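These are my notebook entries from a session with one structure, written down in the order in which I looked things up.

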Amino acid sequence: MADIELHAIEKRYGDTRVVNGVSLTIRDGEFLTLVGPSGCGKSTLLRIIAGLEAQDGGEVRVGGTCVDDRRPKERDVAMVFQSYALYPHLSVFDNIALPLRTRRLSFAERLPLVGRAFPRRRGIERAIRAEVEQAAAMLDVAHLLHRKPGQLSGGQRQRVALGRAMVRHPAVFLMDEPLSNLDAKMRVSVRRELRSLQQRLGLTTIFVTHDQEEANTICDRIAVMDAGKVQQVGTPMELYENPANLFVANFLGSANILDERAGVPMPAGKRLVFRPQHAGLTSPEGAALRGPVTHREFLGATVRYAVRIGDSEVLIETPFQSGRELRDVGDNVGVDLPPRRMLFLPA
Ligand code: ADP
């Protein structure tokens with residue numbers, strides 16, 4: 001079992017609190033994305049789990065055992081970074097084989113010429129070859145084993161880096177923005193591959209990204225961080241439909257936020273929050289929220305309207321139906337918002 005439990009993790013650099021009491025459990029076989037704005041402490045938290053950084057408070061457990069006293073190598077976790085960190089002078093095969101050789105062969109046995117004199121080296125090399133080929137086949141880089149990293153595309157390099165992490169069979173994968181060096185199209189295809197591989201093999205994975213779409217599409221659950229704290233954890237759907245606060249509502253998808261000046265009764269200290277897609281347009285008569293259309297954007301499948309409500313502006317996105325008349329800028333409209341779509345969140 002490779003559950004990861006974080007208990008009240010704290011980290012300071014000088015006077016700055018970078019991680020501020022994070023408690024979080026990642027289940028065995030789960031893919032969790034850690035998402036939040038740049039500088040909110042995501043990488044630091046990942047490095048603490050990997051043992052590359054010591055926390056100032058709290059505890060990290062892997063599979064029920066506290067690992068705080070273990071060095072990175074002893075933690076059974078593999079870290080995959082955004083830079084592929086492949087050795088340029090080694091072939092793809094040797095890059096993937098490296099962690100196995102380091103672990104199984106002595107220093108002398110690894111030497112190019114001298115090593116051959118050791119009788120047990122051949123058997124070990126044969127086993128390593130089989131494991132590297134198996135990983136390479138799984139990642140679709142088997143035909144590239146003789147190449148150097150410089151002769152590969154970004155996506156291929158990323159898969160080789162993954163292969164090198166995988167052959168170690170770590171209990172946990174920690175990935176720090178591993179796709180951010182790829183172009184947009186490649187990111188989408190590598191992200192799909194990564195997800196299906198992770199599901200097939202049941203790999204426990206924590207994946208750091210600042211990209212909202214990436215975070216939503218690749219994971220089982222998402223943890224949204226801001227200012228060193230986890231703001232909310234849940235499935236992407238749960239967080240979209242029921243954000244815990246204004247930060248989460250704004251960070252995952254767009255959100256309209258209105259205060260009591262909008263004329264809708266609301267609990268003290270709360271704001272009315274709703275998604276543009278959850279509201280429609282209606283006639284202004286009798287509507288609690290009403291005002292003039294200030295902008296209109298045709299997006300293909302939908303039409304997005306901006307409507308001024310008092311001092312604020314809200315966005316309404318409605319399905320486009322051909323043949324049906326659109327509202328014009330300047331028209332007075334009412335906002336049709338079903339009560340179950342109204343969220344009242346702490347200001
Ligand atoms: P993220 O991954 O969310 O972008 P980081 O965990 O990298 O955020 O950084 C969180 C904060 O800690 C940032 O303000 C960063 O400048 C600061 N920080 C990170 N590493 C160090 C360090 N070694 N020394 C001092 N400050 C650091």
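Entry one, the ligand. I began with the side chain of K42 and found that one of its N or O atoms is 2.9 Å from an oxygen atom of the ligand. I kept in mind that the model is a predicted one, and that distances like this are computed from it. I then looked at the backbone and noted that a polar backbone atom of S43 is 2.9 Å from a ligand oxygen, while for G41 the distance from a polar backbone atom to an oxygen of the ligand is 3.0 Å. Each of these pairs counts as a polar contact because the cut-off for two N or O atoms is 3.5 Å. On its own the ligand has 570 Å² of accessible area, and I noted that the protein covers 54% of it.

Entry two, the shell. Which residues are around the ligand? I listed Y13, V18, P37, S38, G39, C40, G41, K42, S43 and T44. When I sorted this shell by class, I counted 4 nonpolar, 5 polar and 1 charged residues. I also checked where the shell comes from, and helix α1, residues 42-50, gives the largest share of it with 3 residues.

Entry three, helix α1. Is this helix mostly covered or mostly open? I found α1 mostly covered, with 7 of its 9 residues buried. The buried ones are K42, T44, L45, L46, I48, I49 and A50, so K42 is both buried in α1 and in contact with the ligand through its side chain. After α1 comes G51, and I wrote down that its phi is positive, near 90°.

Entry four, a sheet. I turned to an open sheet of 5 strands, which has antiparallel pairing and the order β13-β17-β14-β15-β16. Its edge strands, which each pair on one side only, are β13 (280-282) and β16 (312-319). With direction ignored, neighbouring strands of this sheet are turned by 50° against each other on average. Within the sheet I followed one pair, β14 (residues 290-298) with β15 (residues 302-309), which is antiparallel and runs over 5 bridges. I noted one bridge by name, in which F298 has V303 in β15 as its partner.

Entry five, H143. Where does H143 lie? I found H143 in the loop between α4 (120-138) and α5 (154-166). H143 has a relative accessible area of 47%, so I recorded it as partly exposed. Last, I compared H143 with V92: the two are 51 residues apart in sequence, and their C-alpha atoms are 10.0 Å apart in space.

Terms used:
Residues are numbered from 1 along each chain as its sequence is written. This is a predicted model: local features need pLDDT of at least 70, side-chain atom pairs count only at pLDDT 80 or more; totals for chains, interfaces and linings use all residues. Side-chain values use heavy atoms; hydrogens and water are left out. A residue is near a molecule or strand if one of its heavy atoms lies within 4 Å of it. A polar contact is a pair of N or O atoms within 3.5 Å; within protein, one must be able to donate a hydrogen and the other to accept it, and residues adjacent in sequence count only if both atoms are side-chain atoms. Accessible areas come from the Shrake-Rupley method with a 1.4 Å probe; for residues, only the protein chains shown count as cover. Helices (H or I, at least four residues) and strands (E, at least two) are DSSP runs, numbered from the N terminus. Ala, Val, Leu, Ile, Met, Phe, Trp, Tyr, Cys and Pro count as nonpolar, Asp, Glu, Lys and Arg as charged, and the others, Gly among them, as polar. Two strands pair if DSSP finds at least two bridges between them. Axes are lines fitted to C-alpha atoms, for helices over the stretch in contact, and angles run from 0 to 180 degrees between N-to-C directions. Buried means under 20% relative accessible area, exposed over 50%, partly exposed in between (1.4 Å probe, protein chains only).
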